[in-house]
Amino acid sequence: MPVRHVALFRFGADVSGEQVRALAAGLDRLPEAVGVMLDYRHGRDLGINEASWDYVVVGDFATADDYLTYRDHPEHRALIESLVTPIVTERASIQFEI
């Protein structure tokens with residue numbers, strides 16, 4: 001059963017462009033580091049709709065076990081601790097079958 005993971009972030013008011021670029025660069029490295037993604041995309045909101053979240057991560061995985069490998073991978077956990085947690089005030093996520 002293929003799985004899609006979607007995570008949405010809201011940034012704090014004082015988050016800099018440099019911090020967002022560092023997050024993007026870290027996310028860019030994850031597919032090679034983890035090695036289980038079928039597809040992996042992320043990006044900042046375009047600001048078209050007022051109530052949108054600030055950033056999204058979308059990952060596709062062949063199985064739920066592959067998603068769990070990603071979720072628990074040390075590189076992913078380190079990225080969350082160093083680049084996500086310091087700048088994110090709210091997070092929402094969902095995993096669903098595709």
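These are my notebook entries on the sheet, the core, the largest pocket and a few single residues of a predicted model.

**Entry 1: the sheet**

I began with the strand order. Four strands make up an open sheet, and the order I read off is β2-β3-β1-β4, with antiparallel pairing. I then asked which strands stand at the edges. They are β2 and β4 (88–97); each has a single partner strand, so one side of each lacks a neighbour in the sheet. For the turn between neighbouring strands I noted an average of 10°, with direction ignored.

Next I looked up the helix on this sheet. α1 packs on it and touches β1, β2 and β3. The direction of α1 makes about 180° with that of β2.

**Entry 2: pairing around β3**

I went through the bridges of β3 on both sides. On one side, β2 and β3 are joined by seven bridges in the antiparallel sense. In this pair I looked up two positions: M37 stands opposite F61 of β3, and R41 has V58 of β3 as its bridge partner. On the other side, β1 and β3 also run antiparallel, with seven bridges between them. Here I noted F9, whose bridge partner in β3 is Y55.

I also checked how covered β3 is. Five of the seven residues of β3 are buried, so I put the strand down as mostly covered.

**Entry 3: the nonpolar core**

How many residues does the largest nonpolar core have? I noted 23, and the residues with the most contacts inside this core are F11, Y55 and Y70. The elements giving two or more residues to the core are β1 (3–11), α1 (17–34), β2 (37–44), β3 (55–61), α2 (64–72) and α3 (74–84). α1 gives the most, with six residues.

I followed F11 further. Leaving out residues up to four places away in sequence, F11 touches V20, L23, R44, D54, Y55, I87, V88 and T89. Y55 therefore turns up in several of my notes: it is a contact of F11, the bridge partner of F9, and one of the core residues with the most contacts.

**Entry 4: the largest pocket**

I looked up the volume and the lining. The largest pocket holds about 190 Å³ of space. Its lining counts 15 residues, and those nearest the centre are H5, Y70, H76, I80 and R91. β1, α2 and α3 are the elements that give two or more residues to this lining. α3 gives the most, with five residues. Y70 is listed here near the pocket centre and was also noted in the core.

**Entry 5: two loop residues**

I picked H73 and S16. H73 sits in the loop between α2 and α3. Is H73 buried or exposed? Its relative accessible area is 18%, which is under the 20% limit, so H73 counts as buried. With neighbours within four places in sequence set aside, H73 is in contact with A33 and V34.

S16 lies in the loop between β1 and α1. The relative accessibility of S16 is 30%; this falls between the limits of 20% and 50%, so S16 counts as partly exposed. I also took the distance from S16 to H5, the latter being one of the residues nearest the pocket centre. S16 and H5 are eleven residues apart in sequence, and their C-alpha atoms are 26 Å apart in space.

Notes. Residues numbered from 1 in each chain as written. Predicted model: local features only at pLDDT ≥ 70, side-chain atom pairs only at ≥ 80, totals over all residues. Heavy atoms only, no water. Core = buried A, V, L, I, M, F, W, Y, C linked by side-chain atoms within 4.5 Å. Buried < 20%, exposed > 50% of the residue type's maximum accessible area, 1.4 Å probe, protein only. Contact = heavy atoms within 4.5 Å. Pairing = 2+ DSSP bridges. Axes fitted to C-alpha atoms, helices over the stretch in contact; angles between N-to-C directions. 1 Å grid on protein atoms, 1.4 Å probe; cavity = no way out; pocket = protein on both sides within 12 Å on 5 of 7 lines; lining within 4 Å. Points joined across faces, edges and corners; volume = space filled by probe spheres on them.
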